[in-house]
Amino acid sequence: MAEYFSLQAALFFSIAHVLIRRGLVESNAMTGSFISLSVSAGALMLLVPLFVPLSSFWNWAIIYFIVAGIFAPGIGRTLSYVGIERIGVARSVPIVNSSPIFASIFAVFYLGEAWVLQNIIGTLLVIFGVVMLSLVKPAKGQWRKMDVIYPILGAIAFGMSANLRKAGLEVLRVPILAAALTALTAAFFSFTLLQFKGGKAAFRLSRKSAAWLFSAGFFNTVAMLSVFYALSYGKVVIVEPLVSSNPVLTLILTGIFLKDLEVLSSRVIVGAILTVVGTILVVTVK
């Protein structure tokens, strides 16, 4: 069952990425992030009364989940969508999904974990993959090489959030509450950021883009729940590599459904594969 839910999460994350790319044609990253996070927060909070004891809310460890939510999905997903908007799905998604690299680095410095040869090899592969993705010239549209910083910062935010969630779950092992609080905090963060960027003026949503963005929010939510169910059935070393394979699925879906928006070159494909393989090597270190 762990393998099934892990692959389901990878597939749903990939579908969400493609839907977001479609939605951003007539919208923007801030709007897309706010809608996606609001859908996830609303859906997960509906599950809380059914699965979470009231006493859990009085545990001080929920602070970890709240702060984690600011970093990711709050900052992380917003930067991920900015990356998709600026440099495309095929380039941005593999970079953002290299977040376990940064999570491992933080774990070495703050949790005292070891940095072994497999970590180093995986990290180098990710670096090579990111370099290849950033050097590819698009066949359609224009983008600045500097814009690759957005998914990189998004990956760092997800890496920091992973460590905070781990610290919180060691004290309070209620995954549904952790997911709901991080999503709710992220939604409030996204709303605040949207107001800071201009409020109604920054909120750009047409009827067509709304359909894509709300659908993406639904698939993101199901993907998040799939990850938690996968972890409840299996080990992290099995679940994380399978979930982290979603950029490969995203590339396939991009080639099928986003031909009019993005063109996949051999460098994009090789760069994405290097990034995914490197990430899996880091995640599977025992």
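These exercises work through helix packing, cores and single residues in a predicted model.

Local features need pLDDT of at least 70, side-chain atom pairs count only at pLDDT 80 or more, and totals for chains, interfaces and linings use all residues. Residues are numbered from 1 along each chain as its sequence is written, and side-chain values use heavy atoms, with hydrogens and water left out.

**Exercise 1. Compare the length of helix 8 with its expected span.**

Step 1. Helices are DSSP runs (H or I, at least four residues), numbered from the N terminus. Helix 8 has 22 residues.
Step 2. The expected span is 1.5 Å times one less than the number of residues. For helix 8 that is 32 Å.
Step 3. The end C-alpha atoms of helix 8 are 31 Å apart, which agrees.
Step 4. Look just past the helix. Gly198 follows helix 8, and its phi is positive, near 130°.

**Exercise 2. Describe how helix 4 packs on helix 7.**

Step 1. Axes are lines fitted to C-alpha atoms, for helices over the stretch in contact; angles run from 0 to 180 degrees between N-to-C directions.
Step 2. Helix 4 (residues 89–96) and helix 7 (residues 149–171) have axes 8 Å apart, at an angle of about 30°.
Step 3. Angles under 35 degrees count as roughly parallel, over 145 as roughly antiparallel, 65 to 115 as roughly perpendicular and the rest as oblique. Helix 4 and helix 7 are therefore roughly parallel.
Step 4. A crossing is right-handed if the near helix is turned clockwise from the far one by less than a right angle, and left-handed if anticlockwise. Helix 4 passes helix 7 in a right-handed crossing.
Step 5. Contact means heavy atoms within 4.5 Å. Helix 4 contributes Ser92, Ile95 and Val96; helix 7 contributes Pro151, Ile152, Ala155 and Phe158.

**Exercise 3. Repeat the analysis for helix 3 and helix 7.**

Step 1. Their axes come within 8 Å and cross at roughly 160°.
Step 2. Helix 3 and helix 7 are therefore roughly antiparallel to each other.
Step 3. The crossing of helix 3 past helix 7 is left-handed.
Step 4. Check the backbone of helix 3. Pro73 lies in this helix. A cis peptide bond joins Ala72 and Pro73, with omega about 15°.

**Exercise 4. Locate the largest nonpolar core and its main contributors.**

Step 1. A nonpolar core is a set of buried Ala, Val, Leu, Ile, Met, Phe, Trp, Tyr and Cys residues joined through side-chain atoms within 4.5 Å. Buried means under 20% relative accessible area, exposed over 50%, partly exposed in between (1.4 Å probe, protein chains only).
Step 2. The largest core has 31 residues; Phe13, Leu44, Val52, Leu172, Leu177 and Val243 touch the most other members.
Step 3. Elements giving two or more residues include helix 1 (2–23), helix 2 (29–51) and helix 9 (207–233). Helix 8 gives the most, with nine residues.
Step 4. A second, separate core has 20 residues, among them Leu24, Ile35, Val93 and Leu258.

**Exercise 5. Classify Ser33 and Asn246 as buried or exposed, and list their contacts.**

Step 1. Ser33 lies in helix 2. Its relative accessible area is 0%, so Ser33 is buried.
Step 2. Beyond four places in sequence, Ser33 touches Arg77, Thr78, Tyr81 and Ser190.
Step 3. Asn246 is in helix 11 (residues 246–257). Its relative accessible area is 2%, so Asn246 is buried.
Step 4. With neighbours within four places in sequence left aside, Asn246 is in contact with Ala10, Phe13, Ser14, His17, Val93 and Asn97.
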